[in-house]
Amino acid sequence: MMLQKIYYLKFIIFSLLIYSETCLSQQLNCDVVINYKLLNQTNDLSFKDLESKIEKFLNETNWNSDKLTNYSKIDCSFLVTLLNYSNNLFTAQFEIKSFRPVFKTNYKTNNFLFKDESIQFRFEQNQTIVFSPNRFESDLASLLAFYSYIIIGFDKDSFALNSGYNSFLVAKNIFDFTSSFSNSQMWMSSSNGGVINKFWLIDNLTSSNYLDFKQITYEYNLNGLDLLIDNKIKAKKNIIDSLSYFRKMNRFRPNSILQQIFFQSKSNEIFNLFSNFKNKAEISKLKDLLYSIAPFYSDMWENLKFKS
């Protein structure tokens with residue numbers, strides 16, 4: 001009886017969170033591509049329909065109460081690579097990206113990049129994708145809703161410190177709710193080797209242990225990239241200062257999934273920002289920092305050079 005009451009309370013909280021985040025405005029401007037080249041299929045109508053339905057679902061669902069113009073919607077993309085297809089059961093890999101505009105420029109920075117390599121879902125041609133906060137509809141609907149709220153959370157965090165928390169909390173409740181009703185292994189903490197998966201992604205994003213990451217996201221974007229046009233020297237200093245928070249994170253939680261996501265998204269950008277940097281002492285200091293916090297990109301950091 002007590003377990004039933006606890007579950008019911010969680011259900012009420014989940015429904016309220018969804019309601020508070022939903023209902024007034026479409027949030028995403030998403031491009032969806034279904035890659036089915038690995039399948040030996042001559043009839044591609046089901047795949048084209050899947051592509052269209054996912055894009056429609058992502059772009060036309062009211063994800064939260066923010067009223068946005070088309071210009072301010074979050075640009076994102078879903079690349080779905082189909083690995084197997086039989087009797088309406090799909091095995092796939094998802095690559096999700098979202099982008100953030102940089103103040104006073106036409107440039108958009110990668111804000112979130114994640115590869116989910118353990119996806120299974122059912123979909124029939126002409127099926128409508130439906131998501132409900134109080135009922136499990138399908139693995140596909142839950143999956144798309146889960147990543148939509150993560151995209152929104154990352155976007156919010158880049159403009160105001162830790163402002164994406166409620167969106168991440170909604171994503172976590174979607175995860176918890178779906179894992180209670182779905183038979184798919186992809187919602188388990190052990191999926192994809194038990195390291196880089198949905199469970200650990202949302203666990204880290206909602207944990208107080210990773211508040212430093214929220215600080216990095218905010219400082220790097222708002223006080224770094226957004227300041228480049230008005231004060232390039234200060235902006236670059238702020239970017240370096242924001243990256244130094246990873247040293248603190250590494251002392252307790254080295255090479256976390258959030259740190260990996262950050263450098264997958266930002267490594268090329270960081271290199272381009274500081275390539276031929278004119279401050280010799282700063283470039284040396286930066287390289288030492290990058291070697292310690294992102295050693296997998298050492299070959300890239302080695303090519304950062306001082307320009308006299």
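This tour moves from the whole chain to selected helices and ends at one loop residue.

**The whole chain**

Begin with the entire protein chain, which is a predicted model. Its secondary structure consists of 11 helices and six strands. Of the 308 residues in the chain, 48% are buried. The accessible surface amounts to about 15600 Å², and carbon and sulfur atoms contribute 51% of that area. Among contacts with a separation of 6 or more, 71% join residues 24 or more positions apart.

**Colouring by confidence**

Next, colour the chain by pLDDT. The average is 89, and 89% of the residues score at least 70. Select helix 1 (residues 2–21), where confidence is lowest, with a mean of 43. Then extend the selection to residues 1–24, over which the pLDDT is below 50. Beyond near neighbours in sequence, this stretch has 40 contacts in the model. For the opposite end of the scale, select helix 3 (residues 139–157), where confidence is highest, at 98.

**Helix 2**

Now select residues 45–60, which form helix 2. From the first C-alpha to the last, this helix of 16 residues reaches 22 Å, close to the 22 Å expected at 1.5 Å a residue. Display the side chains of S46, F47, D49, L50, K53, I54, F57, L58 and N59, which are buried in helix 2. The buried set thus includes the charged-letter positions D49 and K53 alongside F47 and F57.

**Helices 4 and 5**

Move on to helix 4 (residues 165–181) together with helix 5 (residues 198–205). The two pack at an angle of about 145°, and their axes lie 9 Å apart. Their crossing is left-handed. To view the contact itself, show F168, A171, K172 and F175 on helix 4. On the helix 5 side, the contact is made by K198, F199, I202 and L205.

**G224 and its surroundings**

Finally, centre the view on G224, in the loop between helix 6 (211–222) and helix 7 (232–243). Is G224 buried or exposed? G224 counts as buried because its relative accessibility is 0%. Add A235 to the selection: although A235 and G224 are 11 residues apart along the chain, their C-alpha atoms are separated by 4.4 Å. Which residues are in contact with G224, leaving aside its neighbours within four places in sequence? They are E219, A235, N238 and I239. Showing these residues together with G224 completes the tour.

Definitions and conventions
Residues numbered from 1 in each chain as written. Predicted model: local features only at pLDDT ≥ 70, side-chain atom pairs only at ≥ 80, totals over all residues. Heavy atoms only, no water. Helix = DSSP H or I, 4+ residues; strand = E, 2+ residues; numbered from the N terminus. Expected span 1.5 Å × (residues − 1). Buried < 20%, exposed > 50% of the residue type's maximum accessible area, 1.4 Å probe, protein only. pLDDT = per-residue confidence, 0-100. Contact = heavy atoms within 4.5 Å. Areas by Shrake-Rupley, 256 points an atom, 1.4 Å probe, with all protein chains shown as cover. Axes fitted to C-alpha atoms, helices over the stretch in contact; angles between N-to-C directions. Left-handed = near helix turned anticlockwise from the far one by under 90°.
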